[in-house]
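Let's take a friendly walk through this model, from its interior packing out to a few residues that deserve a second look. Have the viewer open as you read.

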Amino acid sequence: MTIDEANGWLRRIAENPGHSRWYIQRFRDLAARGEDLAGEARLVDAVVSRGSRILDAGCGTGRVGGFLAAAGHDVVGVDLDPELIAAAREEHPGPRWLVGDLAGLDLPAAGIPAGFDAVVCAGNVMTFVAPATRREILRRFGAHVRPEGRVAVGFGAGRGYEFDAFLADAAAAGLTPDLLLRSWDLRPFTPGSDFLVALLTPQPPR
């Protein structure tokens, strides 16, 4: 199996070429109904200073990064799916929205300095990436955040990525937990939680 075949998002597109368009419309419909789509962004906004540099990793249609940009932050978003990036550019002008694979994330090579104040990876993104790339993706998140910065990752249980395995991957990638929650609205994580929000920081060099 190739990495692309192992990527859950690309597999869904291969099985249903209209999947990206469905996803875009789904969130447009939720927004039109007045649903709260900014919970992840509010948490990230609360843990950074005004005017911070934030990387929205697996940004999709830009709902998280768009909120953060409107709050005054300097946002760069990266996603594998060109259709989602096109929607982000249309719906949330201002941030830089880039097509890219998180497993090969290297923004300095594209002329964008590292040293972000925060990296946010919401929307179950880590459960869609190819399992063989998880640890490398987390390592690259750590390489893009400044030493005092935060990496915020959230995803649900029952999606093929056990929470303990994620935390082990994070540790191997040089990230240590600052805070573990069971939701983006600051509820404490417990052993029975069906969702994990991990706020991670880079481990200092030994």
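## The largest cavity

At least two residues of the lining of the largest cavity come from each of α4 (39-46), β4 and β5. Keep in mind that this is a predicted model. The largest share of that lining, three residues, belongs to β4.

How many cavities of 30 Å³ or more does the count give? The count comes to one, and the largest cavity holds about 30 Å³ of space. If you would like to select its lining, pick Leu43, Val44, Val47, Ala118, Val119, Val120, Arg150, Ala152 and Leu199. By class, these lining residues divide into eight nonpolar, no polar and one charged.

## Two nonpolar cores

The largest nonpolar core is made of 32 residues, and those with the most contacts inside it are Leu107, Met126, Leu138, Phe141 and Phe166. Two or more residues each are given to this core by β1 (53-57), β2 (74-79), β4 (116-121), α7 (125-128), α8 (134-144), β5 (145-156), α9 (163-172) and β7 (195-202). The largest share, four residues, is that of β5. A second core, separate from this one, has 16 residues, including Leu68, Val75, Leu181 and Trp184.

Methionine 126 is a good place to zoom in. Beyond its neighbours within four places in sequence, Met126 is in contact with Cys121, Arg134, Ile137, Leu138, Phe141, Val153, Phe155 and Tyr161.

## Two residues with positive phi

Most residues other than glycine have a negative phi. Two exceptions are worth a look here. Asparagine 124, although not a glycine, has a positive phi of about 65°, and its place is in the loop between β4 and α7. Leucine 186 is not a glycine either, yet its phi is positive at about 75°; this residue is found in the loop between β6 (175-181) and β7.

Which of the words "buried" and "exposed" fits asparagine 124? Asparagine 124 counts as buried because its relative accessible area is 13%, below the 20% cut-off. Leucine 186 has a relative accessible area of 59%, so it counts as exposed, the cut-off there being over 50%.

## Asparagine 7, between two helices

Asparagine 7 sits in the loop between α1 (3-6) and α2 (8-15). With a relative accessible area of 10%, asparagine 7 is buried. Its side chain reaches the backbone nitrogen of leucine 10 at 3.0 Å.

What lies around asparagine 7 once its neighbours within four places in sequence are left aside? The residues in contact with asparagine 7 are then Leu80, Phe128, Val129 and Ala130. For phenylalanine 128, the C-alpha atom is separated from that of asparagine 7 by 5.9 Å, although the two residues are 121 residues apart along the chain.

## Serine 193, in the loop before β7

Serine 193 has its place in the loop between β6 and β7. Why does serine 193 count as buried? Its relative accessible area is 10%, and buried means under 20%, so serine 193 meets that cut-off.

A polar atom of the serine 193 side chain lies 2.9 Å from the backbone nitrogen of threonine 190. Setting aside neighbours within four places in sequence, serine 193 is also in contact with Phe163, Arg182 and Pro188.

Conventions: Residues numbered from 1 in each chain as written. Predicted model: local features only at pLDDT ≥ 70, side-chain atom pairs only at ≥ 80, totals over all residues. Heavy atoms only, no water. Core = buried A, V, L, I, M, F, W, Y, C linked by side-chain atoms within 4.5 Å. Buried < 20%, exposed > 50% of the residue type's maximum accessible area, 1.4 Å probe, protein only. Contact = heavy atoms within 4.5 Å. Polar contact = N/O pair within 3.5 Å; in protein donor to acceptor, adjacent residues only side chain to side chain. 1 Å grid on protein atoms, 1.4 Å probe; cavity = no way out; pocket = protein on both sides within 12 Å on 5 of 7 lines; lining within 4 Å. Points joined across faces, edges and corners; volume = space filled by probe spheres on them. Nonpolar A, V, L, I, M, F, W, Y, C, P; charged D, E, K, R; others polar.
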